[in-house]
Amino acid sequence: MLNDFLILMKPELTVTVILFLLLFIKIGKGMKNETLLPLIQVLLLLNFLLGFFFNKQGVLFEGLYTSTSMIVFQKNILNLGVYLISLLCADWLRKTPHLPEFFMLMLSALLGMFFMISSGNLLMFYLSLELATIPVAAMANFDLEKKISSEAAMKMILSSAFSSGILLFGISLLYGATGTISFAELPAQLDGSPLQIMAFVFLFTAFAFKLSIVPFHLWTADVYEGSPIAVTSFLSVISKGSIAFIFISTLYKVFQPMEAIWYNMIVVLAIATMVIGNLFALRQQNIKRFLAFSSIAQVGFILVAISSNSPAGLSAVVYFVLIYVFSNLAAFGVASVISEKTGRENIDEYKGLYKTNPFLTWVLALALFSLAGVPPTAGFFGKLFLLTAGATKADYWFVTVAALNMIISLYYYLRITRAMFMDKNDQPIEKLRPDPSARLALLICTAGIILTGLLSWVYDYIVKLN
Amino acid sequence: MEPGLYQLLFISAALFFIGVYGFFTRRNLITMLMSVELVLNSVNLNFIAFNKYLWPGRMDGLFFTIFVIAIAAAEAAVAIAIIINLYRSHQSIDVENAEELKY
């Protein structure tokens, strides 16, 4: 029994151990940031590597907590993302006066996401969702003296509190209509009565808030722009990824009997999300805001795969999120290096970057190509599998709209690439020397962007887990 | 008259929409937070009513209520900390004054 408990909950337990270690360091003598940051990076690397060993499948606490090899793999993706963020934003992290607190908040949010992915019960799901969002709102306020940071945190906490209110109202109606809150018992009770449909709409709305699906996306761009880049990358990659995982497993496992209802909702919202995300991304000048709208558009593509309601959809989404971790973190990493050293975040100021910083330019260009889905990069294969999964329903016009949106997105991704390589600039960004750990992380991301697509066993492995 | 399930559900739905209305119309951050608390309390009422009248044998609703109350407190704590910080930088807790991030 105890063995089961220790091995099944290993990802959560390792994160908790690191969390407590940081707490003891904080309340004890304290450490200088220069020594603490490498320690944290090594711990996170160990945490990531440990995720590959001693994995077991099983259920704990009468269905409250489940673990399958797919869930373990999803947790490993999230671990990888957190490790990369700790490397990429080293410059900013070293300067922040509250380094242990920052990682305590980040790891407790990560812990919440782990429990959320594993949850087998609406109560567990709600609790872990809150654990995954409340610390992030506190993290968004980490540039304490900046006005926009506190504004971003305010928008984040208010919209997340409101959306969790909606989620809870939905859960309460669902409980009233079915009498159970366990994921295993719910599908048998769902018969599509009006009360259940209303409850489902509330639940769906809450998910849409957290995933920033149009028309519930308005908080996203503001929060992304105002927060420190470390938090923005955490929000856009780790948070989005974990919510996408639990969203897809809730739809496929729990709300399977209501498929006829949610299929139409997803089609409409996917088209709205892609179109509006793309159109707003076209006119952005701030790089963080631009990446925010691009991530909204990417969620639209994820929805296309989710609509397929097949195992192929799940594996396509997991594969895409893995690629998304590499490509989006590479883009945010370059933006973080430039913003931390020079304070510039405008796309116009990136003109002529190639002359002074060829390495950063190539990494950013590759990342943008991958986000746009240009062939040699992994992003192409990610998008390909997403759209193929979406096409299994034979709604070809829907997939065509998605493909057309990829073309629009190509325009604005290439706009930045052109600015960096071809445009002239009188005062280009001077030559920057990224921190060695940031350089390492950028190299890892680049390798990931290229290799995840070219090595076919990655996708095969994900399909096999399913 | 003994209040039944319908009366309780009516009150909770009314509370929910009053909360939503307040959240959308009020411009003071503390009041907006209070509106969210109204929404959460309507949920609690819903859970209790369903538990008492429809599913008396299952305790899920009661447990859920206890957890919702606890989480609401945690959320309010973080939100008020953020609002205090916002007040320090903006000298006001009116959402209209927090207007640097747009479009």
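How many cavities of 30 Å³ or more does the count come to? I put this to the structure, a predicted model, and the count came to six.

**Entry 1. The largest cavity**

I looked up the largest cavity and found a volume of about 170 Å³. Its lining consists of 18 residues. Those nearest the centre of this cavity are A:T133, A:M156, A:K210, A:W219 and A:S239. I then asked which elements of chain A give two or more residues to this lining. They are helix 6 (99-118), helix 7 (122-140), helix 8, helix 10 (194-211) and helix 12 (229-254). Helix 12 of chain A gives the most, with five residues. Sorted by class, the lining of the largest cavity holds ten nonpolar, six polar and two charged residues.

**Entry 2. The second largest cavity**

For the second largest cavity I noted a volume of about 50 Å³. I recorded its lining as A:L211, A:V237, A:K240, A:G241, A:V299, A:I302, A:V321 and A:Y324. At least two residues each are supplied by helix 12, helix 14 and helix 15 (311-342) of chain A. Here the largest share again belongs to helix 12 of chain A, which supplies three residues to this lining. By class I entered six nonpolar residues, one polar and one charged.

**Entry 3. The largest pocket**

I turned next to the open spaces. How much space lies in the largest pocket? The value is about 860 Å³. This pocket is lined by 27 residues, and A:K155, A:S159, A:L218, A:W219 and A:D222 are the closest to its centre. I noted that both chains take part: helix 8 (147-178), helix 11 (218-226) and helix 14 (287-306) of chain A, and helix 1 (5-25) of chain B, each give two or more residues to the lining. Helix 8 of chain A has the largest share, five residues. In this lining I recorded 18 nonpolar, two polar and seven charged residues.

I add a cross-reference on A:W219. This residue is listed among those closest to the centre of the largest pocket and also among those nearest the centre of the largest cavity.

**Entry 4. Helix 1 and helix 2 of chain B**

Since helix 1 of chain B appeared in the pocket lining, I looked up its packing with helix 2 (residues 29-53) of chain B. The two axes come within 8 Å and cross at roughly 165 degrees. Because angles over 145 degrees count as roughly antiparallel, helix 1 of chain B is roughly antiparallel to helix 2 of chain B. I recorded the crossing as left-handed. Residues of helix 1 of chain B in the contact include B:L5, B:L8, B:F16 and B:F23. Among those they meet in helix 2 of chain B are B:M32, B:V39, B:F50 and B:Y53. The contact has 17 nonpolar and six polar residues, with no charged ones.

**Entry 5. Helix 4 and helix 21 of chain A**

At what angle do helix 4 (residues 69-88) and helix 21 (residues 456-465) of chain A pack? I found about 135 degrees, with the axes 8 Å apart. That angle makes helix 4 of chain A oblique to helix 21 of chain A. Helix 4 of chain A makes the contact through A:S69, A:M70 and A:F73, and helix 21 of chain A through A:Y461, A:I462 and A:L465. By class, I entered five nonpolar residues, one polar and no charged for this contact.

Conventions: Residues numbered from 1 in each chain as written. Chains lettered and ligands numbered in written order. Predicted model: local features only at pLDDT ≥ 70, side-chain atom pairs only at ≥ 80, totals over all residues. Heavy atoms only, no water. 1 Å grid on protein atoms, 1.4 Å probe; cavity = no way out; pocket = protein on both sides within 12 Å on 5 of 7 lines; lining within 4 Å. Points joined across faces, edges and corners; volume = space filled by probe spheres on them. Helix = DSSP H or I, 4+ residues; strand = E, 2+ residues; numbered from the N terminus. Nonpolar A, V, L, I, M, F, W, Y, C, P; charged D, E, K, R; others polar. Axes fitted to C-alpha atoms, helices over the stretch in contact; angles between N-to-C directions. Parallel < 35°, antiparallel > 145°, perpendicular 65-115°, else oblique. Contact = heavy atoms within 4.5 Å. Left-handed = near helix turned anticlockwise from the far one by under 90°.
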